[in-house]
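Here's a quick tour of some backbone oddities and a pocket. Have the viewer open as you read.

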Amino acid sequence: MNLRHYVRDIPDYPKKGITFYDITPILGNHEAFNAVIDQLYQKYKDCGADKIVAADARGFIFGAPLALRMGIGFVPVRKPGKLPYKNRCVTYDLEYGSDTLCMHVDAVNPGDKILMIDDLLATGGTAEGMVKLIREAGGEIVGAGFVIQLSFLDGDEVMHAAGVTHDFLIE
Ligand code: 5GP
């Protein structure tokens with residue numbers, strides 16, 4: 001199955017000159033969605049992770065079913081003000097400005113082995129913020145899986161620079 005076929009390119013979204021890669025056709029097709037989770041499972045079933053950490057919102061869609069399939073926990077990372085218990089947050093630099101990501105203080109504990117999952121790696125800003133958040137909590141990142149990697153952007157180098165081995169299904 002060619003999974004790229006189930007990613008829809010939306011020109012000029014969310015603003016002019018940007019192409020958005022829409023993953024909802026994957027979700028709407030059982031075979032495609034199942035193939036994504038299965039391919040991620042095959043890549044990561046022996047990675048030794050205790051938990052999957054995934055970012056709001058599309059990271060949840062792929063991270064949660066993969067965690068169930070792998071038989072491990074799931075940790076949601078969200079924007080400030082969204083998680084009800086005590087939060088641990090990191091602010092990280094973006095090309096223009098900065099952003100903040102948070103998780104519950106007891107979600108990742110020292111020594112936890114973490115697999116990061118997100119739908120798409122673009123500039124790597126989000127993934128780098130997640131790396132910082134997980135490491136500040138004492139977690140050890142054993143891998144990072146993305147459904148799509150935009151290889152014309154810097155995400156690949158950002159992951160290398162952070163010392164995180166990553167992989168993806170669609171380029
Ligand atoms: P980055 O931080 O690497 O620049 O962007 C990746 C993050 O933004 C991911 O969490 C992803 O969900 C979201 N994102 C950015 N661009 C796109 C896109 O074209 N398609 C999708 N599905 N997500 C995107």
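## Asp 12 and its loop

Asp 12 sits in the loop between E1 and E2. Keep in mind that this is a predicted model. Asp 12 isn't a glycine, yet its phi is positive, at about 60 degrees. As for its surroundings, Asp 12 comes out as partly exposed, with a relative accessible area of 40%.

The loop between strand E1 (8-11) and E2 also holds Pro 14. A cis peptide bond links Tyr 13 to Pro 14, with omega at about 0 degrees.

## Another cis bond

Where else should you look for a cis peptide bond? Try Asp 56 and Ala 57, which are joined by one with omega of about 0 degrees. Ala 57 belongs to the loop that runs between strand E3 (51-55) and helix H3 (58-70).

## The largest pocket

Now for the empty space. The largest pocket comes in at a volume of about 1300 Å³. Its lining counts 38 residues, and the ones closest to the centre are Leu 120, Ala 122, Thr 123, Thr 126 and Leu 153.

Which elements supply at least two lining residues each? Four strands are among them: E2 (19-22), E5 (87-94), E6 (97-104) and E7 (113-121). Helix H4 (125-136) does so too.

Sorted by class, the lining of this pocket breaks down into 20 nonpolar, 12 charged and six polar residues.

Key: Residues are numbered from 1 along each chain as its sequence is written. This is a predicted model: local features need pLDDT of at least 70, side-chain atom pairs count only at pLDDT 80 or more; totals for chains, interfaces and linings use all residues. Side-chain values use heavy atoms; hydrogens and water are left out. On a 1 Å grid over the protein atoms alone, a cavity is a set of points where a 1.4 Å probe fits but cannot get out, and a pocket is an open set with protein on both sides within 12 Å along at least five of seven lines; lining residues have an atom within 4 Å of a point. Grid points are joined across faces, edges and corners, and a volume is the space filled by probe spheres set on the points. Ala, Val, Leu, Ile, Met, Phe, Trp, Tyr, Cys and Pro count as nonpolar, Asp, Glu, Lys and Arg as charged, and the others, Gly among them, as polar. Buried means under 20% relative accessible area, exposed over 50%, partly exposed in between (1.4 Å probe, protein chains only).
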